[in-house]
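Hi everyone, thanks for making room for me today. I'd like to walk you through one model, so let me put it on the screen.

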Amino acid sequence: RQVLYLAGISMGDKHHKTKSGLYEYKIYSILNDCSPELCAEVYMDLNYRTKWDQYVKNVREKTQDGKTAIYWEVKFPFPLANRDYVFVRERQDMELDGQKIYVILAKSVNTVKFSEKPGIVRVKNFRQGVAFASDGKKGCKVFMTYFDDPGGKLPSWVVNWAAKTGVPNFLKDMQKACYAYRKR
């Protein structure tokens, strides 16, 4: 088990290798001065996400056959091709022992059609779960599981390195986004 300290965020991560050689990450973090409700709102707000997440190039929703899916294009650094995702997500607000917990689950789907674009690699295997709960102070505990197979011809060590560095940076950026969201 590793514990990382990044800009006031303490994060423990645990991972296990899948058959593809890619890791699935389990992350625990504390976001100071961000309530669980605020974190869930920021996480779910697609329009706001395009303003604070430097890697989001394009995001939109589409409903087809009663299912709403999200199309998400992610900027990858040169010389790599951008990736896009088509996924569904669901938010459930729960109560456990008098404490409110906000749970968001997402996974890739192919039931809602978004055309594939030339030069962009479609990620077909993605799943993420995140839960926000009070830390008993002014912040929140974040529990996240994350896996994606970005496709293409990337060596698994590159993908694993990107996930291991990208997720902590995402949480740091999300914390800043929460501070700014309150001031809007």
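Let's begin with Ile 27, which counts as buried because its relative accessibility is 5%, under the 20% limit for that class. This is a predicted model, by the way, so please keep that in mind throughout. Ile 27 belongs to strand S3. If you follow the chain on from there to Met 144, you cover 117 residues in sequence, yet the two C-alpha atoms are 5.0 Å apart in space.

Now let me zoom out for a moment. The chain has three helices and ten strands, and their order along the sequence reads β-β-β-α-α-β-β-β-β-β-β-β-α. Of the 184 residues, 43% are buried. How much of the contact map comes from residues 24 or more positions apart? If you take the contacts with a separation of 6 or more, that share is 55%.

On to the inside. The largest nonpolar core has 24 residues, and Cys 39, Val 42, Phe 132 and Met 174 are the ones with the most contacts inside it. Several elements each supply at least two residues of this core: strands S3 (23–31), S7 (99–108), S9 (125–134) and S10 (140–149), along with helices H1 (36–44), H2 (46–52) and H3 (156–182). Which of them gives the most? That is H3, with six residues.

Val 42 is a nice one to click on if you have the viewer open. Once you set aside the neighbours within four places in sequence, Val 42 touches Tyr 48, Trp 52, Met 174, Ala 177, Cys 178 and Tyr 181. There is also a second core, separate from that one, made of twelve residues, with Val 56, Val 59, Ile 70 and Val 123 among them.

While we are on helix H3, have a look at Ala 180, which is found there. Ala 180 is classed as partly exposed because its relative accessible area is 36%, between the 20% and 50% limits. Its C-alpha atom is separated by 9.3 Å from that of Trp 52, although the two residues are 128 residues apart along the chain.

Next, the charges. Side chains of opposite charge can pair when their charged atoms come close. How many salt bridges does the structure hold? There are five, and I'll show you three of them.

One of the five joins Arg 127 and Glu 24, with 3.5 Å from N to O. This pair ties together distant parts of the chain, since Arg 127 sits in strand S9 and Glu 24 in strand S3, 103 residues apart. Are the two partners buried or exposed? Glu 24 is buried, with a relative accessible area of 13%, whereas Arg 127 counts as partly exposed at 32%.

Another bridge pairs Asp 84 with Arg 122, at 2.7 Å from N to O. Here too, distant parts of the chain are linked: Asp 84 is in strand S6 (residues 83–96) and Arg 122 in strand S8 (residues 121–123), with their positions 38 residues apart. Both partners are buried.

My last example is Asp 53 with Arg 49, where the closest N and O atoms are 2.8 Å apart. Asp 53 and Arg 49 are both buried.

Arg 122 also turns up in the next topic, pockets. Rolling a probe the size of a water molecule over the atoms shows where empty space is left. The second largest pocket holds about 150 Å³ of space. Its lining is made up of Val 86, Ser 108, Val 109, Asn 110, Val 112, Lys 113, Phe 114, Glu 116, Arg 122, Val 123 and Lys 124. Sorted by class, that gives five nonpolar, two polar and four charged residues.

Finally, a little backbone geometry. Asp 33 is not a glycine, yet has a positive phi of about 60°. You'll find Asp 33 in the loop between S3 and H1, and it is partly exposed, with a relative accessible area of 38%. Asp 97 is another non-glycine residue with a positive phi, this time about 50°. Asp 97 lies in the loop between S6 and S7. Is Asp 97 buried or exposed? Asp 97 is exposed, because its relative accessible area is 78%, over the 50% limit.

That's my tour, so over to you for questions!

How values were computed. Residues are numbered from 1 along each chain as its sequence is written. This is a predicted model: local features need pLDDT of at least 70, side-chain atom pairs count only at pLDDT 80 or more; totals for chains, interfaces and linings use all residues. Side-chain values use heavy atoms; hydrogens and water are left out. A nonpolar core is a set of buried Ala, Val, Leu, Ile, Met, Phe, Trp, Tyr and Cys residues joined through side-chain atoms within 4.5 Å. Buried means under 20% relative accessible area, exposed over 50%, partly exposed in between (1.4 Å probe, protein chains only). Helices (H or I, at least four residues) and strands (E, at least two) are DSSP runs, numbered from the N terminus. Contact means heavy atoms within 4.5 Å. A salt bridge is a side-chain nitrogen of Lys or Arg within 4 Å of a carboxyl oxygen of Asp or Glu. On a 1 Å grid over the protein atoms alone, a cavity is a set of points where a 1.4 Å probe fits but cannot get out, and a pocket is an open set with protein on both sides within 12 Å along at least five of seven lines; lining residues have an atom within 4 Å of a point. Grid points are joined across faces, edges and corners, and a volume is the space filled by probe spheres set on the points. Ala, Val, Leu, Ile, Met, Phe, Trp, Tyr, Cys and Pro count as nonpolar, Asp, Glu, Lys and Arg as charged, and the others, Gly among them, as polar.
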